[in-house]
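I opened this notebook to record what I looked up in one model. The entries follow the order in which I went through it.

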Amino acid sequence: MHGQKRSEYKSRLLHPETATKLATKAQQWNHLSHELLTQRRRLFGQSSPPAGTNGIAADADVVDAVAKPSPEILLTLTEKMLSVNPDPSHLWNIRREMLLYVPVGPTSANDDDAAVAGMVAGNLDNSNPPPKNSAFKVQTELTLTSHCLMRNPKSYSAWYHRKWTLVYHLTHPTGGNVGGGPSSSTEGPGVPKLHLNSMGAILQSELDLCAQFLQLDERNFHCWNYRRFVVAILGSCGSTTSTCTSVQDADIAVKSDLALFNGSWSSWLNHLQGMMGAQLSQSAGSAVGIVPIHSKQDDVDGTTASSVAKHVTPLSEQELAEIISNEWDFTTSKIQDNFSNGSAFHYRSKLLPLVLESRLSSTSNGSGGGRSGNSNIPSTSERCDAIQTLAREEWENILLNAIFTEPDDQTPWWYHRFIVSWAKPSHGLDDEYESLLFEMADSLRDLLEVEKENDTVGSEEKKDESKGAKCKWAYIGLHLVLSTLLESDSMDEKESAGVKVEVGECLTELMKIDLNRRERYQNLAAELAGNVS
């Protein structure tokens, strides 16, 4: 419905021909939905006697054949329905239910029934793992979700199922029939490690898929969130080399599979303080077959789902730096394509501290032991210098181009606000930070002059934000920079008074431009007038 009026959209729906087609589709959908739920009830033994028996007991084999349809039927039905409408979450739940339930014979049928019954109740635990011969095939699920996302790129349920697919495939190297072939119980302890290494190709293809979707809609926050999830899984899989200098938690091997592969960046960044949290909860993971590491059954052959985390080798510093650098460059390219890309700016704000730590780590390794004490720990002055350098790069390479190209777009201005706050020293303003603020103030004054020259109308009406006024965000940005400079102890009384006057002028202009927030600016002006420090 983007780019079209609601009235036009509704008028097309009310057209007799369109209404007839929609009614037919609704009938077909209701029929498939009824068939799906009926087949599911029969599978779990919840059906009534077969039609035509008139309540008379039928032959046991006939009743059992009707009551126990093949789960493949339900998988086919869910595939048909989801291809039409990928949004209903209950359809994905039924599909996952069927993927983990395929009877393998009389000897294990009871175990499979118990596993699915527990899964339906949402309490599948370590003592009751999913059946080994499940119908799960990673490529089938990835292909289905890809098709569904092409139909609706913002389907919450489809994106979640794709996350589940990756994690289930990752945590079940042999028990989930992941490659589409027969499962094996003869593979040894090296299987999980080989499986972890083989995940690289799948995860790289997922990153490529994200790039394609973001080419179609660069502000699809679902896709940005999924990309962060894929990167988290990529980092959690660990190093592909046999020996490396660890930058991860020394106790990574005792983490549960779900704690390691839940989409959080903290498990593989450790002391780098990743700020992107988990995307799969413990309760959700246990309900869909992603079981914790500690099982009541001994992990003898090293091939059970609970063994994968034990085989993760921590990332080397070079591998970690490469992951962060690739994501940093990706956000740069998307921002250069569209300065309004708030999702890219948000992702960049999360990556910024990681880029800082990566640079400091690189510097410490190449310092040749010139530091006093522990040469791997940067000094406070080195950290402050690195922060100011990175903040200046963001201002000069990203923000200046963005605000001069689209001064009315609030997206880069919010990132500018973040940079000013992030780079601010905790111990008081230093010379380097003040120099950056003065440069920002000069550039913003130039921007305001350019915009004033372009404003040929010159009437007060033009200054009303609702009537297309410009420079609102430039005044807000300049107010932020100058207000921060007022905290400096290095300015003399005359310089401080001049900055204070200019801050008041910014607020005066904002009262004329942004009428909806006039009282806010009046309160800020009152606080400024009452500030005697």
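Where is the place of Ser 198? I found Ser 198 in helix 9 (residues 190-216), where helices are DSSP runs of H or I with at least four residues, strands are runs of E with at least two, and both are numbered from the N terminus. The model is a predicted one, so I took local features at pLDDT of at least 70 and side-chain atom pairs at pLDDT 80 or more, while totals for chains, interfaces and linings use all residues. Residues are numbered from 1 along each chain as its sequence is written, and side-chain values use heavy atoms, with hydrogens and water left out.

**Entry: Ser 198, continued.** I noted Ser 198 as partly exposed, at 40% relative accessibility. The cut-offs are under 20% relative accessible area for buried, over 50% for exposed, and partly exposed in between, with a 1.4 Å probe and protein chains only. I also looked up its separation from Leu 170: the two residues are 28 apart in sequence, and their C-alpha atoms are 9.7 Å apart in space.

**Entry: whole chain.** I counted 21 helices and zero strands in the protein chain. The chain has 533 residues, of which 45% count as buried. I then turned to contacts (heavy atoms within 4.5 Å). Among those between residues at least 6 apart in sequence, 72% join residues at least 24 apart.

**Entry: nonpolar core.** A nonpolar core here is a set of buried Ala, Val, Leu, Ile, Met, Phe, Trp, Tyr and Cys residues joined through side-chain atoms within 4.5 Å. Which members of the largest core touch the most other members? I listed Leu 166, Ile 233, Phe 261, Trp 265, Trp 268, Trp 422 and Met 440, out of 118 residues. I followed up Phe 261 and set aside its neighbours within four places in sequence. Its contacts include Val 167, Leu 170, Leu 196, Ile 233 and Leu 280, and also Val 308 and Val 312. Polar residues appear in the list too, among them Thr 171 and Ser 236.

**Entry: cysteines.** How many disulfides does the structure hold? I found zero, a disulfide being a pair of cysteine sulfur atoms within 2.5 Å. Cys 210 is in no disulfide, and the nearest cysteine sulfur, that of Cys 223, is 4.1 Å away. Cys 210 is buried, with a relative accessible area of 1%. I have Cys 148 down as buried as well, at 0%.

**Entry: salt bridges.** My search of the whole structure gave 17 salt bridges, each a side-chain nitrogen of Lys or Arg within 4 Å of a carboxyl oxygen of Asp or Glu. I looked at three of them.

- Glu 393 and Arg 359 pair at 2.9 Å, N to O. This pair links distant parts of the chain, with Glu 393 in helix 16 and Arg 359 in helix 15 (residues 342-365), 34 residues apart. Glu 393 is partly exposed at 27%, and Arg 359 is partly exposed at 34%.
- Asp 514 and Arg 517 have their closest N and O atoms 2.8 Å apart. Asp 514 is buried at 0%, whereas Arg 517 is partly exposed at 40%.
- Glu 396 and Arg 392 have their closest N and O atoms 3.9 Å apart. Both lie in helix 16, four residues apart, about one turn of the helix. Glu 396 is partly exposed at 38%, while Arg 392 counts as buried at 15%.

**Entry: buried charges without a salt bridge.** Lys and Arg count as positive and Asp and Glu as negative, with His and the chain ends not counted. Which side chain of opposite charge is nearest to Asp 409? I found Arg 219, 6.3 Å away, and Asp 409 is buried yet has no salt bridge. Asp 409 sits in the loop between helix 16 (380-405) and helix 17 (410-422). A polar atom of its side chain lies 3.1 Å from the backbone nitrogen of Thr 411. Leaving aside neighbours within four places in sequence, Asp 409 is in contact with Phe 339 and Ser 340.

Arg 96, in helix 5 (residues 89-99), is also buried without a salt bridge, and the nearest side chain of opposite charge, Glu 141, is 7.7 Å away. I did find a polar contact of 3.0 Å between the side chains of Arg 96 and His 161. A polar contact is a pair of N or O atoms within 3.5 Å; within protein, one must be able to donate a hydrogen and the other to accept it, and residues adjacent in sequence count only if both atoms are side-chain atoms.
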